[in-house]
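I set out to read one structure from its coordinates and to keep a short record of each thing I looked up. The entries follow the order in which I took the topics.

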Amino acid sequence: MRIEPVDRLEGTIRAPPSKSYTHRAFFLALLADGESRIEEPLVSDDTEATLSAVRAFGAEADWNRVIPPEEILPARINARESGTTARISVAVASLARGRSVIDGEGRLRERPFAPLVRALLSLGVRVRGEKLPIEVSGGSLGSGVRVDASLSSQFVTALLILASRAGIRVEFDNAVSRPYIEMTLRTMEAFGVDFERNGGITVFPGVSGTDFHVPGDYSSAAFFLAAGALYGKVRVENLDLEDVQADRAIVEILESMGAEVRVGRDYVEVERGELRSFEMDCSDFPDLFPILTVLAAYADGRSVIRGKQLRYKESDRVHAMALNLARAGVKVRELRDGLEIRGGRPRGVTVEDFNDHRVAMAMAVLGLGARGETVIENEGVVAKSYPGFFDDLRRLLK
């Protein structure tokens, strides 16, 4: 994909369905008592891994309907490169009578699982391995568990989804990305799961089959909202401002930077403004980090963007963005947990995406205003979360 600089970007797109909600809905449908219908799920590489996992655990499932099995079957799961799929599968496998193996591909085999494994061991689950592949054999589950969530909120999500079937009190420490935990709880509520917040979260067993509509995705919308702030005016529809998604933070961030932001009942519109530099801890919304660094690359002055888990995502995103921005002529300094960036006018670059969808999409947005051509050689990497990204980008270029 070759990207030339534009004078102005303007138009309207529809946010794709949320990847995070799609994962959660399919796994809860697997554990439900009765059939569920999933309306407008995201179809992507990551969610295909979840659909395959749900089938392997015994459900009859397609993209719109899930008929759960009478009991969870032991399974061999290939989570591909989806951390959410792998971590929830490790927890769900503890419900099966028999041995399951959860594996993955690429960088997912390097990403952390140890806190989740230790939590499951404390519950009485038989688990082997602290990185993929991980073997899980069900046992008699205890009634309470505590997990260190300082590396990922997905450990908490996995245990909460397990608890929705097993009935467990889940406690967690040092949680990053807390809004993702709230998203899990909101999805559980939609599937009729009862719980109490009392220092931890006590979950009462019982999941009801339901019709679940997947909301639009702020994580994907953020790239185009940022593009509007930099280059023109972009409206993204299918966004609920009342949602608990972590990346909804992009709306307030762009407004605080100086962009013109208008919010309607189901859309967000952002228009170019004189963007100011900023300092930001994005530990609660780490998926915004790549596009925030692009905004900083154009903002006047010095910006500092940090996050506790940025080096443990699909790539080491601190290093990945530092390298690409530096090649684009941006003054950037790599910190232990983030980047210091001095804004200016980047130049075009051949992007090294590190097989990270969000790095590729962020650098595509950078290329729209750069001096010279920007090349995304592996444009197919965006299929992990947003297969239609470049199609939507072309619509705004017309």
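The entries below concern one helix, its aromatic surroundings, and a few charged residues.

**Entry 1. Nature of the model.** I note at the outset that this is a predicted model.

**Entry 2. Helix 7.** I looked up the extent of helix 7 and found that it covers residues 218–231, which makes 14 residues. From its first C-alpha to its last it reaches 19 Å, close to the 20 Å expected at 1.5 Å a residue. I then asked how many residues of helix 7 are buried. The result is 14 of the 14, so the helix is largely enclosed by the rest of the structure. At the start of helix 7, I found a side-chain oxygen of aspartate 217 within 3.2 Å of the backbone nitrogen of serine 219.

**Entry 3. Aromatic pairs.** I obtained a count of nine aromatic pairs. One of them joins phenylalanine 224 and phenylalanine 389, with ring centres 5.2 Å apart. Their planes stand at 35°, which falls between the limits of 30 and 60 degrees, so I recorded the pair as tilted. This pair links distant parts of the chain, since phenylalanine 224 belongs to helix 7 and phenylalanine 389 to helix 12 (residues 389–397), 165 residues apart.

I next looked up the pair formed by tyrosine 386 and phenylalanine 389. Here the ring centres are 5.6 Å apart and the planes lie at 75°, so the pair is edge-to-face.

**Entry 4. Burial of these rings.** Are the three residues buried or exposed? Phenylalanine 224 has a relative accessibility of 1% and counts as buried. Phenylalanine 389 is buried too, with a relative accessible area of 1%. Tyrosine 386, at 3%, likewise counts as buried.

I also recorded that Phe223, Phe224, Tyr386, Phe389 and Phe390 form one aromatic cluster.

**Entry 5. Charges over rings.** I looked for charged side chains placed over aromatic rings. Arginine 87 lies over the face of phenylalanine 113, at 5.0 Å from the ring centre. The charged end of arginine 235 sits over the ring of tyrosine 267, 3.8 Å from its centre.

**Entry 6. Lysine 313.** I asked where lysine 313 is found. Its place is the loop between strand 19 (302–306) and helix 10 (317–327). Its relative accessibility is 13%, which is under 20%, so lysine 313 counts as buried. Leaving aside neighbours within four places in sequence, I found lysine 313 in contact with Arg107, Arg111, Pro286 and Asp287.

Technical notes
Residues numbered from 1 in each chain as written. Predicted model: local features only at pLDDT ≥ 70, side-chain atom pairs only at ≥ 80, totals over all residues. Heavy atoms only, no water. Helix = DSSP H or I, 4+ residues; strand = E, 2+ residues; numbered from the N terminus. Expected span 1.5 Å × (residues − 1). Buried < 20%, exposed > 50% of the residue type's maximum accessible area, 1.4 Å probe, protein only. Polar contact = N/O pair within 3.5 Å; in protein donor to acceptor, adjacent residues only side chain to side chain. Phe/Tyr/Trp six-rings, centres within 6.5 Å; stacked < 30°, edge-to-face > 60°. Lys NZ or Arg CZ within 6 Å of the ring centre and 35° of its normal. Contact = heavy atoms within 4.5 Å.
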